[in-house]
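Reader: I would like to go through this model with you and ask how each label is earned. Could you show it to me?

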Amino acid sequence: MTIRTILKMGDARLLRVAQPVTTFDTPELHALLQDLDDTMAAANGAGLAAPQIGVDLQVVVFGNGTPNLRYPDAPVVPRTVLINPVITLLDNSMEEGWEGCLSVPGLRGVVPRHARIRYQGFDVRGERIDREASGFHARVVQHECDHLFGVLYPMRVRDFTRFGYTEVLFPGLDATDD
Ligand code: NI
């Protein structure tokens, strides 16, 4: 079990376009997923992308199948490993929602996201994933996949009157480590 250091906004490694995974089911890839899992769990994250621990690969993990401490009102998202993802919009509808990021600790902001998406990719063994998602699930996928293109959620905030410190915006929230 290895809890890795999560890079913070300002680190140039968070701004790279990540490389696709070319070989699946390798010990190295399994070890990376274990580190992502351990690091995400230790930080109560809703998701984590490989670039956030300094690994330049198109690998994200999200969801844990149970309610998330940092987003207690959000629906449960299935635990997913998603590699080389492709997102397709199912329609043009957008919706706003609060987001935070382990690379932007202590802050939250309202971000517009596509409301309904299809996402495709591979799991750690190279098996295909092909799902449709909406609402918070779709939001998490878009947030994590943005990390693979060097995009952090503050870059998508449009209304900076709804961007600030978690402890001020949500005083009762048990999110001490974000
Ligand atoms: Ni993030």
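Author: Gladly; please keep in mind that this is a predicted model. Let us begin with helix H2, which has 13 residues and reaches 19 Å from its first C-alpha to its last.

Reader: What makes that reach close to the expected one?

Author: At 1.5 Å a residue, 18 Å is expected for H2, and the helix reaches 19 Å. The expected span is 1.5 Å times one less than the number of residues.

Reader: How do you know whether H2 is enclosed or not?

Author: Twelve of its 13 residues are buried, so H2 is largely enclosed by the rest of the structure. Among the buried ones are Phe136, Val140, Val141 and Cys145. Charged residues such as Arg139, Glu144 and Asp146 are on that list too.

Reader: Where does H2 lie with respect to the strands?

Author: Helix H2 (residues 135-147) lies across E1, E2, E3, E6 and E7, and runs at about 125 degrees to E7.

Reader: Which atoms coordinate the nickel ion, and what makes them donors?

Author: They are SG of Cys101, NE2 of His143 and NE2 of His147, at 2.1 to 2.3 Å. The cut-off for a donor here is 2.8 Å from the metal, for N, O and S atoms. These three atoms therefore count as donors. Since water is not among the atoms, the site may look incomplete.

Reader: How are the donors of the nickel ion spaced along the chain?

Author: They follow C-x41-H-x3-H. Histidine 143 and histidine 147 both lie in helix H2, four residues apart, which is about one turn of the helix. Both histidines are buried.

Reader: Why is cysteine 101 called buried or exposed?

Author: Its relative accessibility is 3%, and buried means under 20%, so cysteine 101 counts as buried. The same cut-off applies to cysteine 145, which counts as buried at 6%.

Reader: How many disulfides does a search of the whole structure find?

Author: Zero. Cysteine 145 is in no disulfide, and its nearest cysteine sulfur, that of cysteine 101, is 13 Å away. A disulfide calls for two cysteine sulfur atoms within 2.5 Å, so a pair at that distance does not qualify.

Reader: Now to the sheet. What is its strand order, and is it open or closed?

Author: It is an open sheet of five strands in the order E1-E2-E3-E6-E7, with antiparallel pairing. Strand E1 (47-49) and strand E7 (128-134) are the edge strands, because each pairs on one side only. On average, neighbouring strands are turned by 40 degrees against each other, direction ignored.

Reader: How do you know that E1 and E2 pair?

Author: Pairing takes at least two bridges, and three join E1 to strand E2 (residues 59-62), so the two count as paired; they run antiparallel. Alanine 49, for example, has valine 60 in E2 as its bridge partner.

Reader: How many bridges join E3 to E6, and how many join E6 to E7?

Author: Five join E3 to E6, which run antiparallel, with tyrosine 119 in E6 as the bridge partner of isoleucine 87. Seven join E6 to E7, also antiparallel. There, arginine 118 stands opposite glutamate 132 in E7. The hairpin of E6 and E7 has five residues between the strands, and glycine 126 takes a positive phi near 90 degrees in it.

Reader: Which residues other than glycine have a positive phi, and where are they?

Author: Asparagine 44 is one of them, at about 55 degrees, in the loop between H1 and E1. Another is asparagine 84, near 50 degrees, in strand E3. Most residues other than glycine have a negative phi.

Reader: What makes asparagine 44 partly exposed, and what makes asparagine 84 buried?

Author: Asparagine 44 has a relative accessible area of 26%, which falls between the 20% and 50% cut-offs, so asparagine 44 is partly exposed. Asparagine 84 has 14%, which is under 20%, so asparagine 84 is buried.

Reader: And helix H1: what covers its buried residues?

Author: The cover includes E1, E2 and E3. Helix H1 (residues 27-42) lies across those strands, at about 40 degrees to E2. Its buried residues are Leu29, Leu32, Leu33, Asp35, Leu36, Asp38, Thr39 and Met40. With 16 residues, H1 reaches 22 Å, close to the 22 Å expected.

How values were computed. Residues are numbered from 1 along each chain as its sequence is written. This is a predicted model: local features need pLDDT of at least 70, side-chain atom pairs count only at pLDDT 80 or more; totals for chains, interfaces and linings use all residues. Side-chain values use heavy atoms; hydrogens and water are left out. Axes are lines fitted to C-alpha atoms, for helices over the stretch in contact, and angles run from 0 to 180 degrees between N-to-C directions. Contact means heavy atoms within 4.5 Å. Donors are N, O and S atoms within 2.8 Å of the metal (3.2 Å for Na, K and Ca); water is not among the atoms, so sites may look incomplete. Buried means under 20% relative accessible area, exposed over 50%, partly exposed in between (1.4 Å probe, protein chains only).
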